[in-house]
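Me: I should like to understand how the terms used for a protein structure are justified. Please set each value against its definition.

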Amino acid sequence: GSRRFSAVSDEPTRVRVVVRFRPPIGPSENSDVRSFFLEDERHVVTTDRRFTFALDHTFGETASQEEVYHCVGTPTVDDVLGGYNGTLFTYGHTGSGKSFCLFGPAGGGAPRGTEPCA
């Protein structure tokens, strides 16, 4: 059977866990074997189907900066404007897309990341 892990909670004040998969960069990554796939907007599954991870939201390789901002940035900004603390925290390997997601492409320009939109 598949083991399920959940980062989802119904608590009103909590950490939200969101994952964004970036597209492959260059031909060498196009041929890489994938370890995970997105089952739907809330679940990531290992390719062997042994593990399923339940998250607040998942974004695939084609997700736009705007989609990510509306899901993650807007609620955080709304909370801050309502007097609560808000933090956007990224985690991942070097080259996984953390800076792109937060700030947009190197050198500026479109599509802007979550931080400049806030």
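Reply: Let us begin with a definition: contact means heavy atoms within 4.5 Å. The model shown is predicted. Leaving aside neighbours within four places in sequence, Arg-34 is in contact with Pro-24, Thr-47 and Glu-61.

Me: What makes the pair of Arg-34 and Glu-61 a polar contact?

Reply: A polar contact requires a pair of N or O atoms within 3.5 Å. The side chains of Arg-34 and Glu-61 make such a contact at 3.2 Å, so the pair satisfies the distance cut-off.

Me: Why is Arg-34 called partly exposed?

Reply: Buried means under 20% relative accessible area and exposed means over 50%, with partly exposed in between. Arg-34 has 39% relative accessibility, and therefore counts as partly exposed. Arg-34 is placed in the loop between helix H1 (26-30) and strand S3 (36-40).

Me: Why is Thr-76 called buried?

Reply: The cut-off for buried is under 20%. Thr-76 has 17% relative accessibility, so Thr-76 counts as buried. Thr-76 belongs to helix H2 (residues 65-81).

Me: Which backbone oxygen does the side chain of Thr-76 reach?

Reply: The side chain of Thr-76 reaches the backbone oxygen of Val-72 at 2.9 Å. Beyond neighbours within four places in sequence, Thr-76 is in contact with Gly-86, Thr-87 and Leu-88. With the same kind of neighbours left aside, Val-72 is in contact with Arg-16, Val-18 and Leu-88.

Me: What makes a set of residues a nonpolar core, and which residues make up the largest?

Reply: The set must consist of buried residues of certain kinds, among them Ala, Val, Phe and Cys, joined through side-chain atoms within 4.5 Å. The largest nonpolar core has 6 residues in all: Phe-59, Ala-63, Val-68, Cys-71, Val-72 and Cys-101. Helix H2 gives the most to this core, with 3 residues.

Me: How do you know that strands S4 and S5 pair?

Reply: Two strands pair if at least two bridges are found between them. S4 (residues 43-46) is joined to S5 (residues 51-54) by 3 bridges, so the condition for pairing is met. The two strands run antiparallel, and Val-45 has Thr-52 in S5 as its bridge partner. S4 and S5 form a hairpin with 4 residues between them, and Arg-49 in the turn has a positive phi of about 65°.

Me: Where in the protein is confidence lowest, and where is it highest?

Reply: Confidence is lowest in strand S1 (residues 3-6), at a mean of 52, and highest in strand S4, at 95. The mean pLDDT of the protein is 81, and 87% of its residues reach 70 or more.

Definitions and conventions: Residues numbered from 1 in each chain as written. Predicted model: local features only at pLDDT ≥ 70, side-chain atom pairs only at ≥ 80, totals over all residues. Heavy atoms only, no water. Buried < 20%, exposed > 50% of the residue type's maximum accessible area, 1.4 Å probe, protein only. Polar contact = N/O pair within 3.5 Å; in protein donor to acceptor, adjacent residues only side chain to side chain. pLDDT = per-residue confidence, 0-100.
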